[in-house]
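Got the viewer open and a hand on the mouse? Let's go through this model together, one selection at a time.

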Amino acid sequence: MSFVKNGVNTQPIVDNVFSISRKAKEAAKKYGDDKVVNATIGSLYGEDGKLVALDTVYDSLKHVDNRNMAAYASSFTGNPDFKDELYAWVLNGNSKLAHEVIATPGGTGAVDMTISNCLSEGETLVMPSLAWGSYNLMAQMNNINTVKYDLFEGHHFNLNSFKEACQTAMKSQARLVVIINDPCHNPSGYSLSKEEWKEVVAFLNECSKTHSVVLLNDIAYIDFAYGQEQAKEYMATFDDISDNVVVVIAFSISKSMTSYGLRCGAAIVLGQSDEVIYEIKNVFEKNARATWSNINNGAMHMFVDVMKNHKEAYNEERVKYVKLLQERSDIFVKEAKEVGLKHYPYKEGFFITLSMDNETRDKYHEALMDNLIFTVKVNNGIRVGICSLTVDKTKGLAKRMKDILDTVA
Ligand code: PLP
């Protein structure tokens, strides 16, 4: 007896983050907060050990008129002023392409909308083997297969593996849909160089001679890239896409505005002409109507108010935390190097991931917990959320982790 659609995976969800985070909280209660390192959390925490909620964002939100909070959005694709401000913020003048913006519930909405509407059941999505877990789940829920590319060759983006994965997917279908989570990749903290992006675009243009290509660029962490405005310049490389390539940028205010619970973001569709993106925009609009209907109106009003009236203060406040994140990551990366603790190439962002095989990872993860260090298991690695660790707790952590690793490896 089954009450759900055929073929869907009915096993309970395994949430590696929340279950370990719960253990960390229990340990903190039992042994005291200062004894526990909870590196599981994927949200930004301040030096006070509490979730950061930017004043500029929440002061603005509290001043949104009650009726604007209460009302439906003015369109299924988002309020026009929100779409204009969001496009300007994300692209920052780095694009000449035709564009459409569709408001979504966070980056999750934008990524899932792209996967589920650009691929049919049984087709294959190209994604990194080291990746945010939800990509797999989204594919699974839509009965879509995945083929994975290795992110790294030495310390650089593995273009060859990316090409091979694309070629594999193209063998059996007419469309190619690829995810690149960049900059500040979750969980490695890698960001492609502009040269690497140029190579990706050139290759996708080759693919587009025989296949329609959708490049899904998940930029969830972009506003915490250490280069700030410079980190958006790679988007100019999209100007060179062929007529048979569309770029969907998945943006979220979850991280950018420390607004995880407001569920607001957007898919920005870019193409060489309005005709190219006409079809995808129509389908995304109908998908929005058919699933979430419309997006949190108060959040959209807040975004517009911050962009129009408080941008400088918002940038100042946010950049303070970007610098804090950099301070924490500098400490961890430097100390890891000193003690020989291996991690994937890290440039910026919320997470640093130690590299190891899955067998070692499983033993190590347990051993870390025995020592009150709580982390997240990822494919061939252990994710350390420096976004939620204070500077104090970051200091000396790499050495402690290396010592524990030596007991299991
Ligand atoms: N993409 C990546 C890589 C993420 O890590 C996350 C959140 O953790 C998201 C997208 C989407 O987050 P949200 O739906 O809250 O915007």
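Select P187 to start: you'll find this proline in the loop between β7 and α8. Keep in mind that everything on screen is a predicted model. Now show the backbone from N186 to P187: that peptide bond is cis, with omega near 15°.

Stay in the loop and click on P183, which is also found between β7 and α8 (194–207). What kind of peptide bond joins D182 and P183? It's a cis bond again, with omega about 0°. Why bother pointing these out? Because most peptide bonds are trans.

**Over to the ligand**

Keep N186 selected and turn on its side chain. An N or O atom there is 2.8 Å from an oxygen atom of the ligand. Next, add Y221, where a polar side-chain atom lies 2.7 Å from a ligand oxygen. Then add S252: an N or O atom of its side chain is 2.4 Å from an oxygen atom of the ligand. How much of the ligand does the protein bury? Taken alone, the ligand exposes 390 Å², and 90% of that is buried by the protein.

Now display the whole shell. The ligand is surrounded by 14 residues, and the closest are G107, T108, D218, S252 and K255. Try colouring the shell by type: you should get four nonpolar, seven polar and three charged residues. Which helix gives the largest share of the shell? That's α5, with three residues. Both α5 (106–118) and α9 (253–256) supply at least two shell residues each.

Follow the chain on from α9 into the loop between α9 and β10, and select R263. R263 isn't a glycine, yet its phi is positive, about 50°. That's worth a look, because most residues other than glycine have a negative phi.

**The seven-stranded sheet**

Switch to cartoon view and pick out the open sheet of seven strands. Reading across, the order is β2-β10-β9-β8-β7-β3-β4, with mixed pairing. Go to the edges and you'll meet β2 (98–104) and β4 (145–149), each of which pairs on one side only. On average, neighbouring strands in this sheet are turned by 20° against each other, ignoring direction.

Now bring α5 back. This helix packs on the sheet and touches β2, β3, β7, β8 (212–218), β9 (245–252) and β10 (265–271). Line α5 up with β9 and compare directions: the angle is about 155°.

Zoom in on β3 (residues 124–128) and β7 (residues 175–181). These two strands run parallel and are joined by two bridges. Click V126, then look for its bridge partner in β7, which is V178. If you're wondering what holds such neighbours together, strands of a sheet pair through backbone hydrogen bonds, either parallel or antiparallel.

**The three-stranded sheet**

Last stop: select β11, β14 and β13. They form an open sheet in the order β11-β14-β13, and the pairing is antiparallel. β11 (351–355) and β13 (376–378) stand at the edges with a single partner strand each, so one side of each has no neighbour in the sheet. Here neighbouring strands are turned by 35° against each other on average, direction ignored.

Finish on β13 and β14 (residues 381–385), an antiparallel pair with three bridges. Select V376, and opposite it in β14 you'll see R383.

Conventions
Residues are numbered from 1 along each chain as its sequence is written. This is a predicted model: local features need pLDDT of at least 70, side-chain atom pairs count only at pLDDT 80 or more; totals for chains, interfaces and linings use all residues. Side-chain values use heavy atoms; hydrogens and water are left out. A residue is near a molecule or strand if one of its heavy atoms lies within 4 Å of it. A polar contact is a pair of N or O atoms within 3.5 Å; within protein, one must be able to donate a hydrogen and the other to accept it, and residues adjacent in sequence count only if both atoms are side-chain atoms. Accessible areas come from the Shrake-Rupley method with a 1.4 Å probe; for residues, only the protein chains shown count as cover. Helices (H or I, at least four residues) and strands (E, at least two) are DSSP runs, numbered from the N terminus. Ala, Val, Leu, Ile, Met, Phe, Trp, Tyr, Cys and Pro count as nonpolar, Asp, Glu, Lys and Arg as charged, and the others, Gly among them, as polar. Two strands pair if DSSP finds at least two bridges between them. Axes are lines fitted to C-alpha atoms, for helices over the stretch in contact, and angles run from 0 to 180 degrees between N-to-C directions. Contact means heavy atoms within 4.5 Å.
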